[in-house]
Amino acid sequence: MKKLILVSNDDGYMAKGVRELMAMLAPYGEVVAVCPDQGRSGQSMALTFDAPLRVKEEHSPVPGTKLFSCNGTPVDCVKISRYAVLGGRMPDLVVAGINHGSNASVNVLYSGTMGAVQESCSWGVPSVGFSLTTHDADADFSSVIPTVDALIPGILANGLPKGTFINVNAPAGFADAPAILCRESKAHWSEEYQEYHDPMGRAFFMLAGHLVNDEPESTDTDLYALDHGRTSVVLEALDRTASSSQVPVWLKSCLKN
């Protein structure tokens, strides 16, 4: 029996990235995509509690695959797929993307694409997200193909360690961007909001800013890899518990019985 591969994203079912990803994955199994009915970027692991969810089958541009839209978040799409689309079947693999824009470093926390990946990872299903570092709606995703072809057979054959998932980011504009295993860079967003004024003179703010690499000299990070024309592959973990060595002495002492 073919492996069941569930696909989702946060850019919506019409996005070029997810349609190209479906074509890349078709040789590896039965591909079913369930994606938001519109862009839902920055949704992280948000769930819909206050509105009914609706799922609609759409025309799939890839022969032999199925495509559905859902009026919820990326996590909603992944969760509802088991009940409304897959008939209770558990996918063998969940793949999200290809995201239009980087999800490297701290962006993994905000990304709806990576939120979908983390949801399925929590089920114990091997999960991976792919992103390209451009927001161009008509981006060239061909540089992602070698990494898909390198990773997908291995994940299907061997799985991933429990509680882990893979975050892949490819640099835009490179015909050949070799993939390397690296770690998540320490970074932060600077000047995040821009102030404007409406015709009445009232201030309002729009999200802006830029990502600042806090360790630009480190050569083993995802941001370094992307800056040097490499595709970053990071094995992430759901468990964000700090190591015992990071727990401050005062915290240990004030909680002793």
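**Exercise 1. Backbone outliers**

In which loop is Glu191 found? Locate this residue in the predicted model, and then describe the backbone at Glu191, Ser44 and the bond between Gly97 and Ile98.

*Solution.* Begin with the position: Glu191 is found in the loop between β9 (187-190) and β10 (193-197). Turning to the backbone, Glu191 has a positive phi of about 50° although it is not a glycine. The relative accessible area of Glu191 is 62%, and because the cut-off for exposed is over 50%, this residue counts as exposed.

Next, take Ser44, which is found in the loop between β2 and β3 (55-58), and whose phi, near 50°, is likewise positive in a residue other than glycine. Ser44 has a relative accessibility of 22% and so counts as partly exposed.

Finally, the peptide bond joining Gly97 and Ile98 is cis, with omega about -15°, and Ile98 is found in strand β5. Such features merit a note, because most residues other than glycine have a negative phi, and most peptide bonds are trans.

**Exercise 2. Two helices and their surroundings**

Decide how far helix α1 is enclosed, and identify what covers the buried residues of α2.

*Solution.* Start by counting: helix α1 (residues 16-25) has 10 residues, of which 7 are buried, so α1 is largely enclosed by the rest of the structure. The buried residues are Gly17, Val18, Arg19, Leu21, Met22, Met24 and Leu25. Then look at their partners, which are β1 (4-8), β2 (30-36), β4 (66-70), β5, β6 (127-132) and α4 (145-158).

For helix α2 (residues 74-84), the buried residues are Pro74, Val75, Asp76, Cys77, Val78 and Ser81, and their cover includes β1, β2, β4 and α3 (112-122).

**Exercise 3. The nonpolar cores**

Which residues have the most contacts inside the largest nonpolar core, and which elements each supply at least two of its residues?

*Solution.* The largest nonpolar core has 31 residues, and those with the most contacts inside it are Val7, Leu25, Val95, Val128, Phe130 and Ile152. At least two residues of this core come from each of β1, α1, β2, β5, β6, α4 and β7 (164-170). Leu25 may then be followed outward: leaving aside its neighbours within four places in sequence, Leu25 is in contact with Ile5, Val7, Val31, Val95, Val148 and Ile152. A separate second core has 12 residues, among them Leu6, Val32, Cys70 and Val78.

**Exercise 4. The two largest pockets**

Describe the volume and lining of the largest pocket, and then treat the second largest pocket in the same manner.

*Solution.* First, the largest pocket has a volume of about 640 Å³, and its lining consists of 24 residues, of which Ser102, Asn103, Asn107, His135 and Trp189 lie nearest the centre. By class, this lining has 8 nonpolar, 12 polar and 4 charged residues. Both β5 (93-100) and α5 (222-227) supply at least two residues of the lining, with α5 giving the most, at 3 residues.

Second, about 190 Å³ of space lies in the second largest pocket, whose lining includes Val108, Leu109, Phe165, Cys182 and Arg240. Strand β13 (residues 231-237) provides the largest share of this lining, 4 residues. The classes here are 7 nonpolar, 1 polar and 4 charged residues.

Technical notes
Residues numbered from 1 in each chain as written. Predicted model: local features only at pLDDT ≥ 70, side-chain atom pairs only at ≥ 80, totals over all residues. Heavy atoms only, no water. 1 Å grid on protein atoms, 1.4 Å probe; cavity = no way out; pocket = protein on both sides within 12 Å on 5 of 7 lines; lining within 4 Å. Points joined across faces, edges and corners; volume = space filled by probe spheres on them. Nonpolar A, V, L, I, M, F, W, Y, C, P; charged D, E, K, R; others polar. Buried < 20%, exposed > 50% of the residue type's maximum accessible area, 1.4 Å probe, protein only. Contact = heavy atoms within 4.5 Å. Core = buried A, V, L, I, M, F, W, Y, C linked by side-chain atoms within 4.5 Å.
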